Amino acid sequence: MTQTTAAPAPSASKQNLVLSLRGITKRFGAVQALTDVDLDVHEGEVVALVGDNGAGKSTLVKVMAGVHPQDEGTITFDGKPARIGTPAESRDLGIATVFQDLALCDNLDVVANLFLGHEKTSAGTLDEVAMEKRSWDLLRQLSAKIPSVRIPIASLSGGQRQTVAIARSLLGDPKVVILDEPTAALGVAQTAEVLNLVERLRDRGHGVILISHNMADVQAVADRVVVLRLGRNNGDFAVADTSYEDIIAAITGATDNAVTKRATARASQPEASALPGHVSVAKTDAPEGETR
């Protein structure tokens, strides 16, 4: 039987609670996408949000990003009630979201992408020097391997593009960074580079929400794993105390099936096999009419 832990991982329990979601519910017409979902994120903590396709991960991310306001439930940020009705409100609150498509312009260089829509100006013209300096500052914070901030995005690798997208999310000095499938379609070396970035975000005190289907990546960098199944919470695990099999069981719903329940009930009553006339379930393979 899978054991879930309501408390955060020990490494995060001493940190301040930054983002707290309670009873989040979201409907799209007759479709119930989320039902009473809870989620906590602390400073300097990586929380992996996992689940099968259709579990509600993307919807929950969009609620936090202000794309889809929740129908029910409450959001608390830094201990204060918060309302996230638009992406701008989410960003101003201190939540930065890096979606899977990254939203980068291939024909523009790194500086232009980092400040797209937030350009610095001086005397009515673009302040290229200030933007370039700030770009290098952001990339150094992440120990990014970018050869030049004037290189077009089209010339960068997948891992380098992810680095630029993450660096752009840090412009507003957010307290929570949401990464939607950051290692999808990346090679081994590029995946390692992105996971290093996630660890650097944690080391800098950011709360990180990592959405991923790759359990190896999750176990490599996450402190806690929150599982969604069919739009509901189905487990909150401390990675250090949880096996790969437990997480997969929560994702697939294996902990709720009849076989597991029967095995759990049998294990909790070991003395039953000693009762007179008792026939063990495990011994029902005997030929008909024969008793073992």
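Here are three short exercises on this structure, each with a worked solution.

Before you start, note that this is a predicted model, in which local features need pLDDT of at least 70, side-chain atom pairs count only at pLDDT 80 or more, and totals for chains, interfaces and linings use all residues. Residues are numbered from 1 along each chain as its sequence is written, and side-chain values use heavy atoms, leaving out hydrogens and water.

**Exercise 1: Helix H6**

Work out whether the span of helix H6 agrees with its 12 residues, and find what surrounds the helix.

Step 1. Helices (H or I, at least four residues) and strands (E, at least two) are DSSP runs, numbered from the N terminus. H6 covers residues 158-169.

Step 2. The expected span is 1.5 Å times one less than the number of residues. For H6 this gives 16 Å, and the end C-alpha atoms are 17 Å apart, which agrees.

Step 3. Now look at burial: buried means under 20% relative accessible area, exposed over 50%, and partly exposed in between (1.4 Å probe, protein chains only). In H6, 9 of the 12 residues are buried, so the helix is largely enclosed by the rest of the structure. Among them are Gly 159, Val 164 and Ile 166.

Step 4. The buried residues of H6 pack against strands S6 (95-98) and S9 (176-180), and against helices H4 (110-114), H5 (128-141) and H7 (188-203). Contact here means heavy atoms within 4.5 Å.

**Exercise 2: A salt bridge between distant parts**

Find the partner of Glu 45 in a salt bridge, and say where each residue sits.

Step 1. A salt bridge is a side-chain nitrogen of Lys or Arg within 4 Å of a carboxyl oxygen of Asp or Glu. The whole structure has 14 of them.

Step 2. Glu 45 pairs with Arg 224, with the closest N and O atoms 2.6 Å apart. Glu 45 lies in the loop between strands S2 (31-42) and S3 (46-50), while Arg 224 belongs to strand S11 (residues 224-229), 179 residues apart.

Step 3. Glu 45 is buried at 0% relative accessible area, and Arg 224 is buried at 2%.

**Exercise 3: A pair within one helix**

Describe how Arg 140 and Asp 137 are placed in helix H5, and how accessible they are.

Step 1. The two residues form a salt bridge, with the closest N and O atoms 3.7 Å apart.

Step 2. Arg 140 and Asp 137 are 3 residues apart in H5, about one turn of the helix. An α-helix has 3.6 residues a turn, so residues three or four places apart point the same way.

Step 3. Arg 140 is exposed at 56% relative accessibility, whereas Asp 137 is partly exposed at 31%.
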